[in-house]
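Here are some worked exercises to try with the structure open in your viewer. Have a go at each task before you read its solution.

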Amino acid sequence: MEAAVQKHAFHHHLVGQIQVVLTAVQHTTATGQHLGHRGQSNALPSVHRCNLPRRCVGLVSLEDGMDLSTAAGRLMANVLASVAQFETEVRAERVLAGQAKARKAGRVWGGSEAGRLISVTEDQAEAIVRMNSEGVAKAKIARATGVSRPTVYRVLKHRSA
């Protein structure tokens with residue numbers, strides 16, 4: 001009886017280990033990554049998060065020729081993960097430097113000038129204010145003037161300021 005319980009427990013443990021490996025492999029496959037593919041977010045951190053060595057599970061990448069159950073394979077995986085992290089940080093630094101340079105040169109991006117109501121004509125804005133003062137519901141104002149309800153609120157806020 002004791003041997004049957006141990007065998008069942010081992011089987012249950014093994015199924016759990018296989019599910020962990022499959023989850024890591026599915027994530028890697030679904031994102032189109034190879035274990036050591038440069039230029040994209042690296043799949044190695046997701047594999048490492050599963051703590052495969054601690055769970056006594058080895059992972060061999062046939063495409064990349066890397067065996068994470070060996071010391072050399074783990075070293076290669078850690079080096080590749082470090083390089084991927086470095087590339088990510090350098091890319092972020094370049095983006096921030098480019099944005100700072102653009103700001104210094106007077107470049108602005110995003111949004112429109114303050115107070116500009118692009119989609120609302122003056123007649124629509126007057127009708128919105130008038131109907132609101134008459135106590136008409138915001139949704140009815142929106143339908144009557146042909147604008148969205150958030151636009152009605154924006155016009156009212158802009159006109160009351």
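The exercises below go from confidence to core, then to one helix and to the salt bridges.

**Exercise 1. Find out how confident the predictor is, and which elements have the lowest and the highest mean pLDDT.**

Solution.
- Step 1: Start with the whole chain. This is a predicted model, with a mean pLDDT of 75 for the protein and 58% of the residues at 70 or more.
- Step 2: Go through the elements. Helix H2 (residues 44–49) has the lowest mean pLDDT, 53, and H5 has the highest, 93.
- Step 3: Look for weak stretches. Over residues 35–42 pLDDT stays under 50, and the model has 20 contacts beyond four places in sequence for them.

**Exercise 2. Identify the residues of the largest nonpolar core and the helices that supply them.**

Solution.
- Step 1: List the members. The core has 10 residues: Val120, Ala125, Ile128, Met131, Ile141, Ala142, Val147, Val152, Val155 and Leu156.
- Step 2: Assign them to helices. At least two residues of this core come from each of helix H4 (122–133), helix H5 (138–145) and helix H6 (149–160).
- Step 3: Zoom in on one member. Leaving aside residues up to four places away in sequence, Val152 touches Ile128, Lys138, Ile141, Ala142 and Val147.
- Step 4: Check for another core. There is a second, separate one of 5 residues, including Leu59, Met66, Leu68 and Ala77.
- Step 5: Relate this to a general trend. In soluble globular proteins, nonpolar side chains tend to be buried together.

**Exercise 3. Work out which residues of H5 are buried and where they sit around the axis.**

Solution.
- Step 1: Pick out the buried residues of H5, which are Ile141, Ala142 and Thr145.
- Step 2: Consider their directions. They are on the same side of H5, because they cover an arc of only 100 degrees around the axis.
- Step 3: Recall the geometry. An α-helix has 3.6 residues a turn, so residues three or four places apart point the same way.
- Step 4: Turn to the other side of H5, where Lys140, Arg143 and Ala144 are exposed.
- Step 5: Find the packing partners. The buried residues of H5 pack against H4 and H6.
- Step 6: See what comes after the helix. Gly146 follows H5 and has a positive phi, near 80 degrees.

**Exercise 4. Is Thr145 buried or exposed, and what does its side chain reach?**

Solution.
- Step 1: Apply the cut-off. Buried means under 20% relative accessible area, and Thr145 has 11%, so Thr145 is buried.
- Step 2: Follow the side chain of Thr145, which reaches the backbone oxygen of Ile141 at 2.8 Å.
- Step 3: List the contacts. Not counting residues up to four places away in sequence, Thr145 touches Gln124, Ala127, Ile128 and Met131.
- Step 4: Try another threonine. Thr151, in helix H6, is buried at 7% relative accessibility.

**Exercise 5. How many salt bridges does a search of the whole structure find, and which residue does Glu122 pair with?**

Solution.
- Step 1: Count them. The search finds 2 salt bridges.
- Step 2: Take Glu122. Its partner is Arg159, and the closest N and O atoms are 2.7 Å apart.
- Step 3: Place this pair. Glu122 lies in helix H4 and Arg159 in helix H6, so the pair ties together parts that are 37 residues apart in sequence.
- Step 4: Add the other bridge, where the side chains of Arg130 and Glu134 meet at 3.5 Å, N to O.
- Step 5: Check accessibility. Arg130 is partly exposed at 44%, whereas Glu134 is exposed at 51%.

Technical notes:
Residues are numbered from 1 along each chain as its sequence is written. Side-chain values use heavy atoms; hydrogens and water are left out. A nonpolar core is a set of buried Ala, Val, Leu, Ile, Met, Phe, Trp, Tyr and Cys residues joined through side-chain atoms within 4.5 Å. Buried means under 20% relative accessible area, exposed over 50%, partly exposed in between (1.4 Å probe, protein chains only). Helices (H or I, at least four residues) and strands (E, at least two) are DSSP runs, numbered from the N terminus. Contact means heavy atoms within 4.5 Å. A polar contact is a pair of N or O atoms within 3.5 Å; within protein, one must be able to donate a hydrogen and the other to accept it, and residues adjacent in sequence count only if both atoms are side-chain atoms. The arc is that of the directions from the helix axis to the C-beta atoms. pLDDT is the predictor's confidence in each residue, from 0 to 100. A salt bridge is a side-chain nitrogen of Lys or Arg within 4 Å of a carboxyl oxygen of Asp or Glu.
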